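This report examines selected features of a protein chain for a reader beginning the study of structure. Please consult the sequence and the structure shown here while reading.

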Amino acid sequence: MAKMKDDLALQKKLDNEKKQFVTNLYLWEEYHKPRCWKDVATAQEEYNKLSSNAAKMKEVRNQILIRYLGLGWVKAHHPWSKNGRQYTHAELFDHLINTVIPLSETETVPDSPPFKLPDLPPAATLSLGQLTHDRVSLANQNLDGADELKEQACKDRDELEMKGQGCRFEEYQRTSMPTIDATLINFQIEFLFN
């Protein structure tokens, strides 16, 4: 009974991590697209083009999450609130341009988004320091299945998009309309037809 309970708990954690991986995957891909503000000048320009406080808050949070969740840069983290007070978009933007964007000089961009396997259930031991056969088997299975779980998460994302739930191409777009001038000559535009 305890083993079945541990297995169910582990499966729930794996399912949650698969969902988180899909989120991380969207954010990791955004880093490599025009959506990401990669330098301070671009960040200031795009931020100033946003017309509402809500739009500024949403996009600044997204820019932080691209690095924190999408790339796994822990130093990019910033809480959205403290002691019941929400940080303003201006405060988060300050963190973005003074802390997050400069991290690109010291941090490595990973080849794929972070994927954290959940901790295994508490170990039953035969004697002090010796793991049970089931525990060792589960640990090995868990490590071997990481790539399979990532592949399944990608398939799950594709299925959701086919149902109209989410669209990676929408997430890749710039946050503001390009300036209408001579720079639009030969500007590539994507179309989606149903």
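## A salt-bridge network in helix α2

Glutamate 46 has a relative accessibility of 7%, so this residue counts as buried, the cut-off being under 20%. The model in which this value was computed is a predicted one. Lysine 49, by contrast, has a relative accessible area of 33% and is therefore partly exposed.

These two residues form a salt bridge, in which the closest N and O atoms are 3.8 Å apart. Both belong to helix α2 (residues 40-49), where they are separated by three residues, or about one turn of the helix. The pair is also part of a network of salt bridges that links Glu45, Glu46 and Lys49. In general, side chains of opposite charge can pair when their charged atoms come close.

## Salt bridges between separate parts of the chain

In the whole structure, a search finds six salt bridges. One of them joins the side chains of aspartate 156 and lysine 18, with an N to O distance of 3.5 Å. This pair links distant parts of the chain, since aspartate 156 is in helix α6 (residues 146-162) and lysine 18 is in helix α1 (residues 2-31), 138 residues apart. Aspartate 156 is partly exposed, because its relative accessibility is 24%. Lysine 18 has a relative accessible area of 15% and is therefore buried.

Another salt bridge brings together the side chains of glutamate 107 and lysine 75, at 3.6 Å from N to O. Glutamate 107 lies in the loop between α4 (89-100) and β3 (125-127), whereas lysine 75 lies in the loop between α3 and β1 (81-82); the pair therefore ties together parts that are 32 residues apart in sequence. With a relative accessibility of 25%, glutamate 107 counts as partly exposed. Lysine 75 is exposed, because its relative accessible area is 56% and the cut-off is over 50%.

## The geometry of helix α3

How does the span of helix α3 agree with its number of residues? The helix has 18 residues (residues 53-70), so at 1.5 Å a residue it should span 26 Å; the end C-alpha atoms are 24 Å apart, which agrees. Helix α3 also contains a kink of about 30°, centred on isoleucine 64.

Isoleucine 64 is one of the buried residues of α3, which also include Met57, Val60 and Ile66. Charged residues are listed there as well, among them Lys56, Glu59 and Arg67. Just after the helix, glycine 72 adopts a positive phi of about 75°.

Methods
Residues are numbered from 1 along each chain as its sequence is written. This is a predicted model: local features need pLDDT of at least 70, side-chain atom pairs count only at pLDDT 80 or more; totals for chains, interfaces and linings use all residues. Side-chain values use heavy atoms; hydrogens and water are left out. Helices (H or I, at least four residues) and strands (E, at least two) are DSSP runs, numbered from the N terminus. The expected span of a helix is 1.5 Å times one less than its number of residues. The bend at a residue is the angle between axes fitted to the seven residues ending there and the seven starting there. Buried means under 20% relative accessible area, exposed over 50%, partly exposed in between (1.4 Å probe, protein chains only). A salt bridge is a side-chain nitrogen of Lys or Arg within 4 Å of a carboxyl oxygen of Asp or Glu.
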